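The report below looks at how the chains of this assembly meet, and then at selected features within them. Please view it alongside the sequence and the coordinates.

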Amino acid sequence: MANAIVEIKDLSFGYKGRLLHQGINMTFPRGKVVAIMGGSGSGKTTLLRLIGGQLKPSKGSVLVDGEVVHTQNRDGIYRLRRKMGMLFQQGALFTDLSVYENVAFPMREHTDLTESMIRDLVLMKLNAVGLRGAHALMPTELSGGMARRVSLARAIALDPSIIMYDEPFAGLDPISMAVICDLIRSLNDALGATSIIVTHDVEETFQFADYIYFVANGVVAAEGTPDDLRQSSLPFVHQFVYGEKDGPVPFHYAAPDYQHSLLRGAR
Amino acid sequence: MHKIKRMLSRLGAGFVNKVWRLGAGARLFWLTLISSGESFRRFRLTVREVYFTGVMSLIIILVSAFFVGMVLALQGYQTLQKYGSSEAIGVLVALALVRELGPVVTALLFAGRAGTAITAEIGLMKATEQLSAMEMMAVSPIARVIAPRFWAGVIAMPILATLFSMVGILGGYLVAVPLIGVDAGAFWSQMQANVDWRHDILNGVFKSVVFGVACTMIALFEGYDAPPTAEGVSRATTRTVVTSSLAVLGLDFILTSFMISV
Amino acid sequence: MDRTTIDLWVGIFVALGLAALLGLAMKVGNLTTSSIGETYYVTANFENIGGLKPRAPVKSAGVVVGRVGEISFDPKTYEAVVSLNIDKRYGFPQDTFANIYTAGLLGEQYIGLEAGGDEQPLKNGDKITQTQDAVVLEKLISQFLYSKATESDDQPEKKSASTETDADSLDASPLDKISHK
């Protein structure tokens with residue numbers, strides 16, 4: 001697909017012989033908001049690291065803007081990363097820098113802009129996330145939701161064409177969640193970027209995502225638009241979307257027979 | 001039999017792990033050296049770290065030096081007096097400080113004060129994904145975070161050790177001259193006659209530079225290698241102190257034997 | 001913390017370090033004492049310099065007048081060649097006597113100059129011809145042991161013959177015998 005900015009082709013990845021992904025194929029078209037969903041531990045965050053080139057796939061490849069990521073040398077990977085912005089789960093703000101300096105950080109590292117231009121840009125980015133007034137604060141003085149928004153401002157500091165979100169809603173109150181939801185959609189459309197969101201929050205994601213991939217057991221279990229998936233008759237998708245306790249994803253981690261274990265003494 | 005086998009295999013695994021860490025540490029050292037350009041081009045980054053490692057360690061270094069110097073003078077006087085050469089007290093204090101105690105005690109205090117702070121900071125930066133975030137922003141954490149701290153440590157250590165020696169000698173002077181009543185002229189002139197600029201003072205400074213490289217690199221590696229958990233960071237901090245201390249004492253022996261033989 | 005405050009502190013820190021190094025150099029080390037004043041150099045040959053080291057003091061009448069410079073070995077005469085850097089303010093006659101002394105019983109060794117009566121002063125590059133070697137402790141001891149052995153060889157039958165003479169031999173202390181030799 002020529003219109004895709006990120007493509008994952010037949011990707012396998014694993015640690016120490018245990019395969020986390022087994023032949024995953026995904027396409028992320030330009031300008032869209034695409035969500036990757038799945039249970040905890042299904043390797044969603046790992047997918048983001050593979051796209052960012054922090055990990056190398058065991059098999060298959062990831063293409064960003066038509067270039068294979070894992071065969072690049074360090075400079076090549078850094079060149080590709082400058083097209084990406086990433087929002088980490090806990091914000092990952094630099095605790096020794098102020099909010100202002102955090103947002104200015106990528107500009108100072110990668111551009112030769114004058115101090116006054118950086119100032120204007122930083123305040124613009126902070127304004128976009130509604131935190132222009134907080135520019136002098138230190139990261140430790142921010143609430144979780146505010147830290148996430150500052151981190152978002154930092155991620156879009158260099159106007160990336162791909163914005164990746166790692167669990168953007170984890171641990172947020174409903175108001176902050178709604179704010180972040182709104183920001184993801186509006187920033188995506190304003191910047192003309194592509195957003196990749198890794199999450200397990202069904203409710204919020206279904207409201208604004210254009211396309212959704214479900215990952216389970218190392219493969220893409222289901223994909224489609226939110227409406228498609230709501231109608232889906234696949235038992236796994238049904239369990240996930242409606243949050244049922246037991247189903248294809250069992251409540252119990254694989255274990256020997258319960259009665260047997262109790263009688264013999266667990267080993 | 002089974003127990004012995006298990007013990008041996010654990011011992012072997014522990015040894016392999018140590019060797020592995022040595023290799024990983026050496027690799028980080030190499031990467032730090034080759035990505036050091038930025039810490040000099042943007043020297044402000046390094047200056048900032050000199051503040052945190054050097055200036056913040058001043059108080060503990062100076063106070064310790066003062067007491068070490070005073071104790072040296074007291075103890076030295078007790079012994080020298082028996083041989084009727086109490087004027088040599090200045091020589092004893094100066095040589096002990098400049099050659100050995102200055103660099104070594106400074107390095108040990110540095111490992112406890114600045115080394116642990118570096119390890120904890122890097123470990124937490126890793127645990128809170130700050131290093132990952134930096135990498136994703138196409139900024140090398142080794143060039144931006146590790147290298148400036150490394151050079152700051154290498155710059156700060158000899159300065160601290162020199163100050164330690166100087167303040168220690170002043171402490172020794174205060175005990176020997178006003179307190180015990182050794183002649184001030186003899187105190188200084190004997191010292192000057194027997195302390196050599198190159199063989200004693202410059203060799204001491206050289207030692208402290210080597211200790212600066214070792215202590216800072218160990219602290220940085222432990223932090224960089226720490227598992228990203230609270231327990232992992234706390235263990236890494238402890239290891240920093242233990243490994244740095246052993247490294248300093250071992251290196252001191254090696255360096256001293258080289259300096260004496262040459 | 002403000003950037004400029006950090007810069008200021010680091011500046012103070014580095015300045016303190018340099019000051020301490022300067023202090024060590026001037027007040028503690030012998031960097032200054034060696035370079036003070038201008039010097040001229042003379043050489044002196046010794047058969048044995050013992051433990052004399054470069055930079056050892058050169059004294060006359062107990063006053064430091066210079067320092068030992070290079071020490072080398074002359075393969076023709078099998079002697080040690082010691083160069084002495086002497087302060088220009090102090091002139092010495094041509095027939096000055098150079099001795100190697102030891103400060104205290106086990107202290108460091110230094111060179112003592114004893115002025116002669118010649119009217120011509122020593123000039124840069126001159127050679128002191130009259131020297132006395134270092135006293136080597138091992139030599140002294142072996143000399144003593146040797147003399148002791150020859151002595152007991154001289155009078156073996158006397159010793160074994162009667163024990164009364166023991167009192168006599170106790171009277172003559174070993175040191176006396178050395179001085180008599």
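In this predicted model, 28 residues of chain B are in contact with 24 residues of chain C, where contact means heavy atoms within 4.5 Å. Chain B and chain C bury about 2400 Å² between them, with 77% of that area on carbon and sulfur atoms; buried area is the accessible area (1.4 Å probe) that two parts lose on being put together, summed over both. On the side of chain B, Tyr51(B), Gln192(B) and Trp197(B) lose the most area to chain C, and together they account for 25% of what that side buries.

Residues are numbered from 1 along each chain as its sequence is written, while chains are lettered from A and ligands numbered from 1 in the order in which they are written. Local features need pLDDT of at least 70 and side-chain atom pairs count only at pLDDT 80 or more, whereas totals for chains, interfaces and linings use all residues, and side-chain values use heavy atoms, with hydrogens and water left out.

**Chain B and chain C**

The rule finds one salt bridge across this interface, a salt bridge being a side-chain nitrogen of Lys or Arg within 4 Å of a carboxyl oxygen of Asp or Glu. Arg44(B) forms a salt bridge with Asp7(C), and the closest N and O atoms of the two are 3.0 Å apart. Two residue pairs are in polar contact between chain B and chain C, both at pLDDT 80 or more; a polar contact is a pair of N or O atoms within 3.5 Å, where within protein one must be able to donate a hydrogen and the other to accept it, and residues adjacent in sequence count only if both atoms are side-chain atoms.

The side of chain B that touches chain C draws at least two residues from each of α3 (43–53), α5 (89–127), α7 (141–180), α8 (184–194) and α9 (197–225) of chain B, these elements being DSSP runs numbered from the N terminus (helices: H or I, at least four residues; strands: E, at least two). Among the elements of chain B, α7(B) gives the most to this side, with eight residues. By class, this side of chain B has 20 nonpolar, five polar and three charged residues, where Ala, Val, Leu, Ile, Met, Phe, Trp, Tyr, Cys and Pro count as nonpolar, Asp, Glu, Lys and Arg as charged, and the others, Gly among them, as polar.

**Chain A and chain B**

Here 23 residues of chain A are in contact with 19 residues of chain B, and the two chains bury about 1800 Å² between them, 55% of it on carbon and sulfur atoms. The rule finds four salt bridges across this interface, including one in which the side chains of Asp96(A) and Arg48(B) meet at 3.2 Å, N to O. Between chain A and chain B there are 13 residue pairs in polar contact, both at pLDDT 80 or more. The elements giving two or more residues to the side of chain A that touches chain B are α2 (74–81), β6 (84–87) and α3 (99–110) of chain A, and α3(A) gives the most, with four residues. That side of chain A has 10 nonpolar, six polar and seven charged residues.

**Annotated transmembrane regions**

The UniProt record (unreviewed entry) lists "transmembrane region" at residues 6–26 of chain C, and at several spans of chain B, including residues 50–77 and 241–260; such annotations may be inferred rather than shown by experiment.

| Span | Helix | Strand | Distance between end C-alpha atoms |
|---|---|---|---|
| Residues 6–26 of chain C | 100% | 0% | 30 Å |
| Residues 50–77 of chain B | 86% | 0% | 38 Å |
| Residues 241–260 of chain B | 100% | 0% | 28 Å |

**Strands and a salt bridge in chain A**

An open sheet of four strands in chain A has the order β2-β1-β4-β5, with antiparallel pairing; two strands pair if DSSP finds at least two bridges between them. Because β2 (18–29) and β5 (67–68) of chain A stand at the edges, each with a single partner strand, one side of each is left without a neighbour in the sheet. Nine bridges join β1 (residues 4–15) of chain A to β2(A), the two running antiparallel, and within this pairing Ile8(A) has Met26(A) in β2(A) as its bridge partner.

The side chains of Arg30(A) and Asp65(A) meet in a salt bridge at 2.9 Å, N to O. This pair links distant parts of the chain, 35 residues apart, with Arg30(A) in the loop between β2 and β3 (33–37) of chain A and Asp65(A) in the loop between β4 (59–64) and β5 of chain A.

Strands β9 (residues 211–216) and β10 (residues 219–224) of chain A pair in the antiparallel sense over five bridges, and the bridge partner of Ala216(A) in β10(A) is Val219(A). The hairpin of β9(A) and β10(A) has two residues between the strands, and Asn217(A) takes a positive phi near 55° in this hairpin.
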